[in-house]
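Grab a pencil and take a look at the model below. We'll work through a few short exercises together, one step at a time.

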Amino acid sequence: MGEDIRIGLALGGGGAKGLAHIPLLRVFDEMQLRPHRIAGTSIGSVIGALYASGKSGERIAEGVARMIISKGDSFRDALKKRDVLKWVEFFDIEFGKSALFKGDKFIDFLYDAMGVQTFEDLEIPLQVVATDFWAASQVVFDSGPLLPAVKASMGLPGVFTPVQIEGRVLIDGGGVNPVPHDLLADCDVVVAIDVMGSLGEHPGKVPNVFRSVLGTFDIMQNSIIAEKRKTCPPDIYIRPEIEGIDILDFYKADVIYEQTQPSVERLRGELRRVLKGRA
């Protein structure tokens, strides 16, 4: 089904909530659908790069599971998961600088996981979105070195250090295009996965400084997403109902997967409907 239909897949940003992309990618694997092109922002560029390198949704999930201490794990169980130490190493703290984390070690992990160095080495063409801080404009990478582009795309202000490439200071692509489905307009079917989730309802509660900054960025991204859906609507738009997950809550993978399950069923049905109509 859909062998001759070019599917464009856009994977959005959202920190740890981006793990919701994984069960949705499994739908493509189960239906034996291979995206024609992928566009990703922030964590969407991370997951997109892994998938475009040839890793299945299941393989990506297995990699995540090896690095997570779940609530049911004993200390001995946790020690058996030697890769869990990599999560600690990922967040290489940079006190007194422009952000909390440098992100270099996370990028090193990606290099090991993907085994590719350039966009040209990927099995599926990929576009990675970043924001030029000083020009306040979108930057799209689709060729050359892969990992610097991914690092730039995930450069959430105040959390990860901005990246300098060819004289430009680059930060998180969510500042200009949180779910870059508009980059895939030449595809026959465009699927947009929005993992922003919701802030939750806490009327009257004053957020701390960190949550205020991140929450404001989320509000801005949601406004951008809504406007782009009006001007360039995707054929399929999936937004899992994710709540109670902060940007670095990667250890809550099981909770994220559970919250994503209704969207898994919806995506499967939407793909069948759209592909049947275009067969």
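A residue is called buried under 20% relative accessible area, exposed over 50%, and partly exposed in between. Keep in mind that this is a predicted model.

**Exercise 1.** Sort Cys-187 and Cys-232 into buried, partly exposed or exposed.

*Solution.* Start with Cys-187: its relative accessible area is 8%. Buried means under 20%, so Cys-187 is buried. Now take Cys-232, which has 25% relative accessibility. The range between 20% and 50% is partly exposed, so that's the label for Cys-232. As for disulfides, the structure holds zero of them.

**Exercise 2.** Work out how helices α1 and α3 are oriented relative to each other.

*Solution.* Two packed helices are described by the angle between their axes and the distance between the axes. Here α1 (residues 21-30) and α3 (residues 57-66) pack at about 150°, and their axes are 8 Å apart. Angles over 145 degrees count as roughly antiparallel, so α1 is roughly antiparallel to α3. Next, find who touches whom: α1 brings Ile-22, Leu-25, Arg-26 and Asp-29, while α3 brings Gly-57, Glu-58, Ile-60, Ala-61 and Val-64. Sorted by class, that contact has five nonpolar, one polar and three charged residues.

**Exercise 3.** How many residues of helix α2 are buried?

*Solution.* Helix α2 covers residues 43-52. Go along the helix and you'll find buried residues including Ile-43, Ser-45, Leu-50 and Tyr-51. The full count is ten of ten, so α2 is mostly covered. Just past the helix, look for Gly-54: its phi is positive, near 115°.

Definitions and conventions. Residues numbered from 1 in each chain as written. Predicted model: local features only at pLDDT ≥ 70, side-chain atom pairs only at ≥ 80, totals over all residues. Heavy atoms only, no water. Axes fitted to C-alpha atoms, helices over the stretch in contact; angles between N-to-C directions. Helix = DSSP H or I, 4+ residues; strand = E, 2+ residues; numbered from the N terminus. Parallel < 35°, antiparallel > 145°, perpendicular 65-115°, else oblique. Contact = heavy atoms within 4.5 Å. Nonpolar A, V, L, I, M, F, W, Y, C, P; charged D, E, K, R; others polar. Buried < 20%, exposed > 50% of the residue type's maximum accessible area, 1.4 Å probe, protein only. Disulfide = S-S within 2.5 Å.
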